[in-house]
Amino acid sequence: MKKGLFIVLEGPDRSGKSTQAALLKTWLEERGREVVVTREPGGTRLSEQIRKILLDPKSVIEPMTELFLYETSRIKHTLEKIIPALKAGKVIISDRYTLSTTAYQGYGRGLDLKTVETLNKIATMNLKPDLTIVFDIPDRIFAQREHLRNGRDRIERAPDAFRRRVNRAYKLLARKPGMTRVDAGRPIEAIQAEIRARVQPVLGRGAKK
Ligand code: TYD
């Protein structure tokens with residue numbers, strides 16, 4: 001039985017999600033909540049091993065293989081980390097979840113969106129976040145950050161056209177029902193203030209006050 005609160009941060013690479021996750025954690029802890037910050041791909045030993053394979057620039061991975069690897073990492077993460085945290089009444093903040101697969105493997109790689117949706121459902125056992133906050137980066141800032149990217153991991157080294165498709169997908173997905181869009185082109189404090197204002201109303205849903 002679910003008692004905790006499940007918050008997901010989504011957006012293109014370099015949109016500042018991890019900085020915001022850390023600030024949100026501190027704020028929630030000050031309010032007496034137990035908070036777990038996690039990420040995808042990753043969050044468990046096995047999922048972190050899959051992450052290494054996925055992000056290694058030397059890995060040669062076809063789009064469908066890539067899709068299944070992200071989903072495999074997600075099943076383990078959901079079972080071993082997210083569901084237990086929710087059962088214990090904690091707030092779990094995940095840097096990425098199913099919307100990333102829709103954006104990157106669906107819109108970015110061009111895989112069938114229905115297939116992605118089906119696998120997302122299977123991998124999460126239909127668990128839905130209470131809040132999905134989508135970071136929307138203005139095109140001007142996206143272009144600036146692209147220059148600084150230096151191609152660190154395999155996904156960051158993907159062609160510019162792929163990265164632009166992902167960015168466009170997030171803009172589209174941010175406006176879908178149930179999504180909470182934040183303008184991530186502003187100073188860190190302004191973004192955090194908006195995130196807190198969006199989290200506050202759902203806080204009461206968790207187990208503890
Ligand atoms: P990460 O370094 O965590 O990116 P960021 O810090 O920008 O969030 O690397 C995760 C990469 O994996 C990122 O480029 C997005 C990609 N990804 C997918 O393509 N599909 C997915 O389902 C997930 C969860 C991530």
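Mentor: A pocket is an open set of points, on a 1 Å grid over the protein atoms alone, with protein on both sides within 12 Å along at least five of seven lines. This is a predicted model, in which local features need pLDDT of at least 70 and side-chain atom pairs pLDDT 80 or more, while totals for chains, interfaces and linings use all residues. Residues are numbered from 1 along each chain as its sequence is written, and side-chain values use heavy atoms, without hydrogens and water.

Trainee: In which pocket does the ligand sit?

Mentor: A molecule sits in a pocket if more than half of its atoms lie within 2 Å of the grid points. For the ligand of this model, that pocket is the second largest.

Trainee: How many residues surround the ligand?

Mentor: A residue is counted if one of its heavy atoms lies within 4 Å. The closest are D13, K17, R96, T101 and Q105, and the full number is 16.

Trainee: Which helix gives the most residues to the shell around the ligand?

Mentor: Helices here are DSSP runs of H or I with at least four residues, and strands are runs of E with at least two. At least two shell residues come from each of α2 (45–55), α3 (63–87) and α4 (98–108). The most, 4 residues, come from α4.

Trainee: How much of the ligand's area does the protein bury?

Mentor: Polar contacts (N or O pairs within 3.5 Å) are found at several side chains. A ligand oxygen is 2.7 Å from an N or O atom in the side chain of D13, and another such distance, to Y70, is 2.8 Å. A polar side-chain atom of R96 also lies 2.8 Å from a ligand oxygen. The ligand taken alone exposes 550 Å² (Shrake-Rupley method, 1.4 Å probe), and the buried part is 92%.

Trainee: What is the phi of R96?

Mentor: R96, which contacts the ligand, lies in the loop between β3 (91–95) and α4. With 10% relative accessibility, R96 is classed as buried (under 20%; exposed is over 50%, partly exposed in between). Its phi is positive although the residue is not glycine, and lies near 85 degrees.

Trainee: What is the phi of R14?

Mentor: R14 belongs to the loop between β1 (5–10) and α1. Its relative accessibility of 33% makes R14 partly exposed. R14 is another residue other than glycine with a positive phi, near 65 degrees.

Trainee: With which side chain does the side chain of Q20 make a polar contact?

Mentor: Q20 is in helix α1 (residues 17–30) and is buried, because its relative accessible area is 2%. Its side chain reaches the backbone oxygen of I188 at 3.2 Å. At 2.6 Å there is a polar contact with the side chain of Q192.

Trainee: How far apart in space are V182 and Q192?

Mentor: V182 lies in strand β5 (residues 179–183) and is buried, because its relative accessibility is 0%. V182 is 10 residues from Q192 in sequence, and their C-alpha separation is 9.6 Å.

Trainee: Is K114 buried or exposed?

Mentor: K114 is located in helix α5 (residues 113–124). Its C-alpha atom is 18 Å from that of R165, 51 residues away along the chain. Because the relative accessible area of K114 is 57%, the residue is classed as exposed.

Trainee: Which residues does the cis peptide bond join?

Mentor: P41 is found in the loop between β2 (35–39) and α2. With omega at about -10 degrees, the cis bond joins E40 and P41.

Terms used
Polar contact = N/O pair within 3.5 Å; in protein donor to acceptor, adjacent residues only side chain to side chain. 1 Å grid on protein atoms, 1.4 Å probe; cavity = no way out; pocket = protein on both sides within 12 Å on 5 of 7 lines; lining within 4 Å. Buried < 20%, exposed > 50% of the residue type's maximum accessible area, 1.4 Å probe, protein only.
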